[in-house]
Amino acid sequence: MSLLKKKSGIAIVGLGNYATGQLIPALQQTSHCYLAGIVSGKSSKTGEWKEKYQLPDKNFYTYENFGSIEDNPDIDIVYVTLPTHLHAEYSIRALQAGKHVICEKPMAFTIAECDEMMAAAKKANKFLSIGYRLQFDPYHLEMIRLAKEKVYGEIKSVDTAFSFMPEAGEWRLNKNIAGGGPLMDVGIYCIQAVCYITGTTPLAVTAHSVPVSDNKKFIGIEETIHFQMEMPGGITASCRSSFSEEISYLKVNCSNGWFELDPAYNFGGLKMNTSDRRNFDMQTISQQATQMDNMALSFQNNQPSIASGAMGKRDMIIMEAIYEAMETGKRVALKMH
Ligand code: NAD
């Protein structure tokens, strides 16, 4: 018997910008997984990929016949890259079809949906993970090392922001599809970073939103949110996320100096600075290729990914608390400890 493990076949669900611009190209650079199939609403969208990647017809599915993926041994992992309101439905359908699932962030619309997804994974005896690409990025791993080894002393506070400007009419601006505003879409990266840099989860949160500048564009969602997270050990995190500016930074202030990424959350071009102006010679990688390889390898070894469904649910709990704080103006305590 060969000791070489078979590469995992990944089927991408949803041919949007992230799938076509990042994930599918990244699957050309992976060592432990490859593009094996596509699930899309329109067959007109799939022709290009059929030709480019020479995939067999049987590995193309529509949203309607997607359940029959169960009988396709070429597909080991289903990667759900649809808008948020469809994450739970398609993840659960894939798990019921006996496939491992990678679901894009945010994990779902509600905490109840996260529970349903995790229950479906347990029942199917398959793994569920969230597309948290930066959990595997060398710059972010270095930030975690600097924090863990207290290279600049004890962490006192974290300042971070992630914002970008979606076009009018995008589903991201529709609460019924996105579940929320910039907090759900990009503020989630700030929550992730604060948790992995400090190695903890928040004790309490406070938040406020800024009055919207365009009430035709921002209906029922925040345009800009400022939120603070009280972390164990007296660490405070000040975070900001907006759909009306382009910012991406993560600064960790410590007793003996500071370290930061600016930009911090982009697909590439991250830059690290420290109070003592160190040189960091970090390799440039495809975040998506590294993430998918890591996840495929974990599943092949019968292990959950570090970016698990439980982590996705944890972040949903934090975001619901932040929205509650924003709406009530009160400090909301979290009982995750
Ligand atoms: P997109 O709008 O470019 O693509 C969405 C896809 O879903 C399209 O193919 C569209 O046809 C399909 N779709 C099916 N039903 C739909 C509906 N009811 N409304 C709208 N589209 C529908 O979006 P995107 O930027 O590719 O985002 C897709 C997912 O990927 C989201 O969950 C998003 O949060 C995530 N994402 C993650 C990252 C990351 O860095 N991890 C980056 C961008 C997007």
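The following conversation concerns the ligand site and some backbone features of a predicted model.

Visitor: Which residues come nearest to the ligand?
Guide: The ligand has 21 residues around it, and those that come nearest are Asn 17, Lys 105, Arg 133, Trp 171 and Arg 172.

Visitor: What does Arg 172 offer the ligand?
Guide: A side-chain N or O atom of Arg 172 is 2.8 Å from an oxygen atom of the ligand. The protein covers 79% of the 830 Å² of accessible area that the ligand has on its own.

Visitor: And which backbone atoms lie close to ligand oxygen?
Guide: In Asn 17, a backbone N or O atom lies 2.7 Å from a ligand oxygen atom. For Leu 15, a polar backbone atom is 3.4 Å from an oxygen atom of the ligand.

Visitor: Why does the ligand lie between the two domains?
Guide: Domain 1 (8-133 + 289-306) and domain 2 (138-283 + 316-333) both contribute residues to the shell around the ligand, so the ligand lies between them.

Visitor: How many shell residues fall in each class?
Guide: The shell has nine nonpolar, six polar and six charged residues.

Visitor: Changing topic, where are the cis peptide bonds?
Guide: The bond from Lys 105 to Pro 106 is cis, with omega near -15 degrees, and Pro 106 belongs to the loop between β5 (100-103) and α4 (111-124). The bond from Asp 262 to Pro 263 is also cis, with omega near 5 degrees; Pro 263 is in the loop between β12 (257-261) and β13 (272-274).

Visitor: What about phi at Gln 54?
Guide: Gln 54 is not a glycine, yet its phi is positive, at about 50 degrees. Gln 54 sits in the loop between α2 (43-53) and β3 (60-61).

Key: Residues are numbered from 1 along each chain as its sequence is written. This is a predicted model: local features need pLDDT of at least 70, side-chain atom pairs count only at pLDDT 80 or more; totals for chains, interfaces and linings use all residues. Side-chain values use heavy atoms; hydrogens and water are left out. A residue is near a molecule or strand if one of its heavy atoms lies within 4 Å of it. A polar contact is a pair of N or O atoms within 3.5 Å; within protein, one must be able to donate a hydrogen and the other to accept it, and residues adjacent in sequence count only if both atoms are side-chain atoms. Accessible areas come from the Shrake-Rupley method with a 1.4 Å probe; for residues, only the protein chains shown count as cover. Ala, Val, Leu, Ile, Met, Phe, Trp, Tyr, Cys and Pro count as nonpolar, Asp, Glu, Lys and Arg as charged, and the others, Gly among them, as polar. Domain bounds come from an automatic or database domain assignment. Helices (H or I, at least four residues) and strands (E, at least two) are DSSP runs, numbered from the N terminus.
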